[in-house]
Each structure stands twice: as structure tokens, then as C-alpha cells.
Protein chains: 2
Amino acid sequence: MKSPLEKARDAPDSTKARTLKVARRIFGEYGFHGTTTRMIAQESGVDISTLYYHWGDKADLYEAVVTDIDEDLRLQLRRVEERVAGRTLAERLDIAIDEMTDYLLVHPEVSNLVLLRYFAKTRAEPITDLRVPSFVSSIARAMKLAEKDEPVSPEARMQVLAIMNAIYNFVSGQEFFQSVVGVDRDRYVTLTKETLKFIFIPAFAGEKSFVSMTNRKEA
Amino acid sequence: MKSPLEKARDAPDSTKARTLKVARRIFGEYGFHGTTTRMIAQESGVDISTLYYHWGDKADLYEAVVTDIDEDLRLQLRRVEERVAGRTLAERLDIAIDEMTDYLLVHPEVSNLVLLRYFAKTRAEPITDLRVPSFVSSIARAMKLAEKDEPVSPEARMQVLAIMNAIYNFVSGQEFFQSVVGVDRDRYVTLTKETLKFIFIPAFAGEKSFVSMTNRKEA
DNA sequence: CAATGTTTCCAACAAATGATGGAGAAAAGA
DNA sequence: TCTTTTCTCCATCATTTGTTGGAAACATTG
């Protein structure tokens with residue numbers, strides 16, 4: 001038995017699948033309260049009541065979007081994980097930054113939605129949780145910041161969050177930051193990757209990187 | 001002749017000043033569309049029409065909030081700049097991270113509002129621009145990422161944005177990230193500072209930091 | 001084909017929300 | 001004190017927004 005969400009994924013041309021895709025984009029751009037059901041219906045070329053027929057009320061649709069995005073992100077993280085297996089830490093970071101940046105630039109609503117859930121409250125808190133905690137652990141393990149079968153330390157979790165957030169920020173803030181930096185889109189993408197590597201590779205794979213974080217008092 | 005905003009700042013107990021303060025907080029928590037004028041009025045203990053009397057319509061009030069926050073942030077950046085003058089780059093980073101983190105934790109609506117303006121569209125785009133571009137340049141100069149009277153390079157701008165965003169994210173995402181990391185608030189604050197230093201000090205002041213990212217002028 | 005189930009749209013409603021006019025209270029100025 | 005100005009609230013309005021009932025169109029099954 002398939003869940004409604006899985007059904008929508010199966011038939012990508014169906015009205016239901018199309019409305020979900022549009023909802024992802026618009027919720028990602030305007031946030032929960034900035035999005036109206038009419039905006040989604042109109043962009044989908046569908047009557048508003050059709051939306052309610054398929055997805056229930058606005059909060060239900062939003063939950064479906066969050067679940068859908070979480071699943072996409074999980075798959076993408078797994079792909080990257082496979083791609084970097086067996087490499088050195090510096091190489092893994094290099095590849096992961098490239099791949100995640102490229103992926104998110106094609107699906108900006110993913111990072112948009114994640115960031116908005118981090119930073120903006122909704123008046124009636126939605127029920128669905130992001131699967132960020134499990135993603136963070138799995139990335140920390142892939143980076144060998146934790147031993148297999150050992151719990152991932154708070155330090156390692158914070159470091160993973162810092163990396164993920166830095167990528168999300170540059171992707172979702174593209175429009176704004178591009179104008180601050182004063183470059184065109186291609187250059188911005190290149191600069192994003194270069195900057196991320198410039199910052200993170202020394203910290204995790206530089207010469208001093210095995211001096212543990214907590215013992216490091218000076219600099 | 002004083003602007004209305006300056007007047008509100010002068011008399012911190014006035015209704016007008018109080019409503020602005022409440023508006024800062026609520027716009028920061030819920031974003032523009034997630035905030036209703038009634039929420040602000042109620043939290044301020046004031047009738048809704050009093051709000052309109054003082055500030056004009058919702059967009060006008062929002063603009064006043066943005067301007068107000070921009071000014072606070074500018075002052076804080078200047079304070080930090082003075083505090084770190086004459087030190088080494090590693091020390092400057094160390095101090096700046098501590099100071100900015102502490103400041104933003106006391107005024108979380110500042111980073112909330114900035115981040116929401118980066119990442120969330122509003123249906124009717126507000127007119128006021130954040131003064132981020134000028135802040136970025138001035139920080140880059142303070143970090144000696146650019147020579148005096150020379151334009152600040154795109155590379156340097158990106159690096160400054162990365163630092164600012166990392167701090168903003170950990171402060172504004174505190175509630176969410178704290179639960180991901182599984183620590184109490186005090187520990188989270190400590191971890192935030194440690195993680196930021198762990199990441200940024202090697203990149204900018206570590207041994208390999210003079211291998212230029214492109215053609216970064218060093219200190 | 002007939003009958004049944006599914007999908008879509010039109011029209012409408014109720015609540016929430018942004019906004020205002022006007023009366024009175026409070027403060028400032030004469 | 002009287003007058004004028006500033007401020008606050010109550011009542012109300014118009015629009016937007018979330019949501020639904022029901023009829024028609026379409027598809028599926030017997």
C-alpha cells in the first residue's frame with residue numbers, strides 16, 4: 001500500500017504531483033505564512049479546491065512538502081556519501097562541497113525550506129520534524145568525526161551544522177549575496193565553492209586540525 | 001529636527017518606543033507575513049489603531065524596524081572594530097567572535113531579521129535595503145582583507161559573509177540546533193564560540209592561510 | 001451501456017487581517 | 001484657566017485568506 005506522497009512521486013505529470021512541486025517552490029520562497037493556498041493553486045493552473053481535495057488543509061500540504069524535501073535531501077546525502085567513500089578527508093570535503101552546492105542550486109527550495117524552518121516560527125507549529133539530527137550524525141560518521149558505533153559528540157555535531165549551514169546560506173542567499181559581492185551568477189557559484197573550501201578544508205584537514213578543538217586555547 | 005525613529009529612541013518608555021521594540025521581536029520571530037499588527041498591539045498592551053497612528057501601515061512599521069536594527073548593528077560592529085584594533089588577526093577573530101555572539105544572543109531579533117530578509121521573500125517587497133554591503137566592506141577592511149582605499153575584492157566579501165552568516169545561524173538557530181546537539185543553553189553558547197573559532201581561525205590565521213585563495217592580500 | 005468512483009471547478013462562507021473615522025482623554029501651550 | 005495639540009481607544013469596514021458543498025466532467029468497472 002502506497003502513501004499518498006509516494007503516489008504523487010510515481011506519476012510526475014499528475015495534478016497532485018504538480019501541485020506538490022509548486023508548493024515546494026512557493027513555501028520555500030515565501031515561507032508558511034507568506035504562502036497562500038491561492039498562490040499555489042494559480043501557479044499550478046488548478047482550482048483552489050482541487051488543492052484541498054488532494055492535500056487537505058494548508059498545514060497538511062506543508063507537512064507533505066517537508067516530508068518530501070527531507071526524503072530528497074536524504075537521498076542526495078547518501079549519493080554524496082557513496083561518492084566520497086575511501087578518499088582522504090580533504091578530498092571528501094572538496095567533493096562534498098561541490099556536489100552539495102550543485103545539487104542545492106538546482107533545488108534551491110530544499111535549502112530555503114530548511115533554513116526557514118530553522119529561523120522562522122509559525123503561529124501554529126507544524127507537527128513534522130526535519131530529519132536534520134539523523135542527517136547530522138550520518139555526515140559526522142562519514143567525515144570520521146566519530147568512531148563507528150560510538151555516539152557523535154556535540155562538538156562534531158556543531159561542526160557538521162556549521163558546514164551544512166554555510167552551504168545552505170550561500171545557495172539560498174544567492175540573490176542577495178550576489179549583489180553584495182558584485183559578480184554574475186557563474187562567478188558567484190565558483191566563488192561559493194572556493195570560499196567554502198578555503199574555510200573548511202584548513203579546519204578539518206589542515207596541519208593543525210588534529211589539535212583537538214577543546215584544548216585549543218590560543219591561536 | 002528629529003526623525004520619528006530618533007524620537008522613539010530618545011524616550012524609551014514611550015508607547016511609540018515600546019511598540020517598536022515589540023515589533024522588532026515579533027517580526028524577527030515570525031517574519032513579515034507571519035506577524036499580524038494585532039500581535040504587536042496586544043504584546044505592547046496597546047490598541048491596534050494606536051500602532052497605525054504612530055507608524056503608518058504594516059510595511060512602514062516593518063521598515064522602521066529594519067532601519068532601527070541596521071543602526072544597532074552598525075554601532076555594534078563599530079564597537080567591536082575599536083575593541084580589536086591593533087591586535088593580530090587571530091586575536092581579532094577570537095575577540096570578534098566572542099563579542100558578536102554575546103551581543104546577538106542578547107538581541108536575537110537582529111540576526112533573526114537579517115536572516116529572514118536574506119532567505120524569505122515578501123509578497124510586496126519592502127523598499128528599505130539592509131546596509132549589509134557597507135558592513136561587509138568595513139569588516140573586510142578591519143580584517144585587513146583589503147588595503148586601505150582599495151576596493152574590497154569579491155573573495156574577501158564572500159569570506160566576510162561566511163563568517164557573519166555562521167554567527168547569525170548559530171544564534172538564530174539556537175533553539176533548533178541546541179536540540180540537535182543535545183546540550184543545555186550555556187553549553188550551547190560555549191560550543192558555538194569554540195566551533196566558530198575552530199573553523200575560522202585556521203582558515204584566516206593558520207599556518208597555511210597565506211597560501212592565497214586566489215590572490216588574497218595578507219596581513 | 002449503466003453504474004460507480006474519482007477528479008475538477010464554481011460559488012460561497014466564516015474568520016482573520018489590514019486599515020480608518022471619530023470621540024474622548026491626556027498633555028502642552030496660551 | 002481656556003485652547004490647542006497630541007495621543008489612545010472603540011467600533012467598524014473592506015479585503016484577503018482558509019475552507020467547504022455541490023454540481024459537472026471524466027474515468028473505471030461491471
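In this predicted model, a polar backbone atom of Thr35(A) lies 3.5 Å from a phosphate oxygen of DNA strand D. Two further threonines reach the phosphates of this strand. The backbone of Thr37(A) places a polar atom 2.9 Å from a phosphate oxygen, while in chain B it is the side chain of Thr50(B) that takes part, with an N or O atom 3.1 Å from a phosphate oxygen of DNA strand D.

Stepping back from these single pairs, 17 residues surround DNA strand D, and those that come nearest are Lys58(A), Thr15(B), Ser49(B), His54(B) and Arg123(B). Of the strand's atoms that come within 4 Å of the protein, 51% belong to sugar and phosphate. As for the secondary structure behind this surface, at least two residues each are supplied by α3 (37-44) and α4 (48-55) of chain A and by α4 (48-55) of chain B. The largest share belongs to α4(B), with four residues. By class, the surface near DNA strand D is made up of eight polar, five charged and four nonpolar residues.

Attention now turns to the contact between the two protein chains. Chain A brings 56 residues to it and chain B brings 57. Together the chains bury about 5200 Å², with carbon and sulfur atoms accounting for 72% of that area. On the chain A side, Phe119(A), Met158(A) and Phe198(A) provide 15% of the area buried against chain B, more than any other three residues.

Polar and charged pairs also cross this interface. Eleven residue pairs are in polar contact between chain A and chain B, counting pairs with both residues at pLDDT 80 or more. Six helices of chain A, namely α2 (15-34), α7 (108-119), α8 (132-142), α9 (154-172), α10 (174-181) and α11, each give two or more residues to the side that touches chain B. Among these, α11(A) makes the largest contribution, twelve residues. That side of chain A comprises 31 nonpolar, 14 polar and eleven charged residues. The salt bridges between the chains number four. One of them joins Lys121(A) to Glu29(B), whose closest N and O atoms are 3.1 Å apart.

Helix α11 deserves a last look through one of its residues. Phe204(A) sits in this helix, which spans residues 185-205 of chain A. Phe204(A) counts as buried because its relative accessibility is 4%, under the 20% cut-off. Between the C-alpha atoms of Phe204(A) and Leu145(A) the separation is 9.5 Å, although the two residues are 59 apart along the chain.

Technical notes: Residues numbered from 1 in each chain as written. Chains lettered and ligands numbered in written order. Predicted model: local features only at pLDDT ≥ 70, side-chain atom pairs only at ≥ 80, totals over all residues. Heavy atoms only, no water. Buried < 20%, exposed > 50% of the residue type's maximum accessible area, 1.4 Å probe, protein only. Near = heavy atom within 4 Å. Polar contact = N/O pair within 3.5 Å; in protein donor to acceptor, adjacent residues only side chain to side chain. Nonpolar A, V, L, I, M, F, W, Y, C, P; charged D, E, K, R; others polar. Contact = heavy atoms within 4.5 Å. Buried area = accessible area lost by both parts, 1.4 Å probe. Salt bridge = Lys/Arg side-chain N within 4 Å of Asp/Glu carboxyl O.
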